[in-house]
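Me: I have a model open and would like to learn how to read its features one by one. Could you walk me through it?

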Amino acid sequence: MRPQEIVDQPGSSAAAEAGILSIDLSAIIANYRLVQAKAPSTRVGAVVKADAYGLGARTIAPVLAGAGCRDFFVAHLAEALELVSGLPESARLYVLNGLAPGMESLCADAGIVPVLNTLEQAREWQAYAAAAGRKLPAVLQVDTGMSRLGLGADELETLLRQPGFLDWVAVRVVMSHLACADMPDSPANAEQVRRFAEMASQLPEAEQSLANSAAVLGMSDCVGNLVRPGLLLYGIDPLSPATAGLHPAITLDARVIQVRSVQAGVGVGYDHDYVTPSPRRLATLSVGYADGWPRALGGKGAVWINDVCLPLVGRVSMDTCVADVTDIPAGCIQPGDKVELIGPHQSVSELAALLETAPHAILTGLGNRFERRFTGHALPQA
């Protein structure tokens with residue numbers, strides 16, 4: 001399905017029973033332009049792994065391609081294979097985790113570029129290229145201090161001495177990942193930048209990629225040739241305060257299932273963690289932890305209707321949670337009404353801070369029971 005076919009969907013459907021996740025494509029394009037303005041001397045890619053952080057990669061990636069993006073990063077080959085047919089031939093899809101053994105042919109035939117993280121991955125890619133009789137592109141990841149993925153300094157030297165590696169593998173990009181980019185003043189950043197420069201210098205013809213969203217904002221000295229924003233594209237600032245010009249890209253609403261009045265001393269939800277201190281009016285909402293609405297919000301989270309904050313009471317259960325709507329005049333909230341979970345009154349970042357987690361965890365946890373509605377105007381592919 002092309003992006004233009006699912007923008008501005010009217011009406012309601014059974015898919016909206018849990019709630020509606022609205023994604024503003026115009027905001028995503030505006031945020032892409034903002035990153036371009038922040039890093040004008042480099043090429044701006046897009047991290048669309050985990051289904052574009054749970055928002056819908058098969059719609060968002062082609063829209064970004066229409067805005068001129070040509071470099072797309074996913075974690076797994078299967079993710080890349082889902083996207084390749086919807087992108088222009090000039091686009092490049094990179095698989096950050098590299099390839100599982102035996103996947104080299106599938107990757108090469110689809111024109112997808114693996115990120116080589118280990119000597120084993122590099123040797124398998126070289127062997128496949130040699131057997132196929134054609135030089136194949138790759139990205140080489142080096143570990144500069146995160147101890148997660150990539151070749152160490154000794155392994156890089158071993159690889160570059162390996163007979164035939166550079167004859168059969170065209171290293172287009174050398175990349176690494178910053179562990180503390182969301183803390184720009186951390187001394188770990190300067191050390192990683194130094195190590196990266198040292199290791200990347202051994203492949204002078206390759207482009208360099210180090211900066212993620214946080215580094216684009218706070219570490220202008222490490223943008224290299226290709227930056228890899230993720231959160232910023234989706235309207236979330238990994239630093240604070242929020243960057244001027246950043247456009248929130250999502251809202252999340254849930255449906256009211258039932259409204260009831262209860263007396264003082266009534267238990268609410270599992271194990272009666274909450275007991276009403278006085279007569280209250282309660283609304284049961286069609287969202288729970290199976291939808292990615294975190295269980296930890298029980299008793300400390302809130303939702304909104306208009307400008308009124310409605311505290312969550314009792315535990316968040318699998319499919320529902322309960323909000324105290326006593327402050328809403330009787331009759332002004334009914335079954336079928338929508339309440340705001342994420343939006344102008346409560347951002348993803350604020351929700352993540354309340355739960356002491358990362359915004360990424362909130363976004364990628366939003367379940368497939370929410371109907372995803374794309375708004376704004378998709379651009380034609382460039």
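What follows is a conversation about cysteines, cores, helices, pockets and backbone angles.

Reply: Gladly! One thing to keep in mind from the start is that this is a predicted model.

Me: Let's begin with the cysteines. How many disulfides are there?

Reply: A disulfide is a covalent bond between the sulfur atoms of two cysteines. The test here asks for sulfur atoms within 2.5 Å. By that rule the count is zero disulfides.

Me: Why does Cys69 have no partner?

Reply: Because its closest cysteine sulfur, in Cys107, is 18 Å away, which is too far for a bond. Cys69 is also buried, at 0% relative accessibility. Cys321 tells a similar story: the closest cysteine sulfur belongs to Cys309 and is 13 Å away, again too far for a bond. Cys321 counts as buried too, with 2% relative accessibility.

Me: Now the interior. Which residues touch the most other members of the largest nonpolar core?

Reply: That core has 120 residues, and the ones touching the most other members are Ile60, Leu64, Phe72, Tyr234, Trp293, Val339 and Leu363. Helix α1 (residues 25-38) gives the largest share of this core, seven residues. Apart from this core lies another, of six residues, including Val268, Leu282, Val313 and Val322.

Me: What does Leu64 touch?

Reply: Setting aside residues up to four places away in sequence, Leu64 touches Ile28, Ile29, Tyr32, Ala46, Cys69, Phe72 and Leu233. You will recognise Cys69 as the buried cysteine we met above.

Me: Leu64 sits among the buried residues of α3. How should I read that helix?

Reply: Start with the general geometry: an α-helix has 3.6 residues a turn, so residues three or four places apart point the same way. Then look at burial. In α3 (residues 57-66), nine of the ten residues are buried, so the helix is largely enclosed by the rest of the structure. The buried ones are Ala57, Thr59, Ile60, Ala61, Pro62, Val63, Leu64, Ala65 and Gly66. Just after the helix, Gly68 takes a positive phi of about 110°.

Me: Where else does phi turn positive, in residues other than glycine?

Reply: Ala50 is one of them, with phi near 50°. Ala50 belongs to helix α2 and counts as partly exposed, at 36% relative accessibility. His272 also has a positive phi, about 50°, without being a glycine. His272 is found in the loop between β12 (267-268) and β13 (274-275).

Me: On to empty space. What is the volume of the largest pocket, and which residues are closest to its centre?

Reply: Rolling a probe the size of a water molecule over the atoms shows where empty space is left. Here the largest pocket has a volume of about 750 Å³. Its lining has 34 residues, and the closest to the centre are Lys49, Tyr53, His177, Asn212 and His360.

Me: Which helices supply at least two residues of that lining, and how do the lining residues divide?

Reply: The helices are α2 (49-54), α10 (213-218), α11 (348-355) and α12 (359-365). By residue class, the lining divides into 20 nonpolar, ten polar and four charged.

Me: Is Asn212 buried or exposed?

Reply: Asn212 is buried, with a relative accessible area of 15%; the cut-off for buried is under 20%. Asn212 lies in the loop between β9 (207-209) and α10. Beyond residues up to four places away in sequence, Asn212 touches His177, Ala181 and Arg228.

Me: How many cavities of 30 Å³ or more are there?

Reply: The count is one. The largest cavity holds about 40 Å³ of space. Its lining consists of Gln141, Val142, Asp143, Thr144, Gly145, Met146, Arg148, Leu149, Ser176 and His177. These divide into three nonpolar, five polar and two charged.

Me: Where does Gln141 lie, and what is it in contact with?

Reply: Gln141 lies in strand β7 (residues 136-141) and is buried, with a relative accessible area of 4%. Leaving aside neighbours within four places in sequence, Gln141 is in contact with Leu96, Val115, Leu116, Asn117, Leu149, Gly150, Leu151, Met175, Ser176 and His177. His177 is a residue to revisit on your screen: His177 lines the largest cavity and is also among the residues closest to the centre of the largest pocket.

Conventions:
Residues numbered from 1 in each chain as written. Predicted model: local features only at pLDDT ≥ 70, side-chain atom pairs only at ≥ 80, totals over all residues. Heavy atoms only, no water. Buried < 20%, exposed > 50% of the residue type's maximum accessible area, 1.4 Å probe, protein only. 1 Å grid on protein atoms, 1.4 Å probe; cavity = no way out; pocket = protein on both sides within 12 Å on 5 of 7 lines; lining within 4 Å. Points joined across faces, edges and corners; volume = space filled by probe spheres on them. Helix = DSSP H or I, 4+ residues; strand = E, 2+ residues; numbered from the N terminus. Nonpolar A, V, L, I, M, F, W, Y, C, P; charged D, E, K, R; others polar. Core = buried A, V, L, I, M, F, W, Y, C linked by side-chain atoms within 4.5 Å. Contact = heavy atoms within 4.5 Å.
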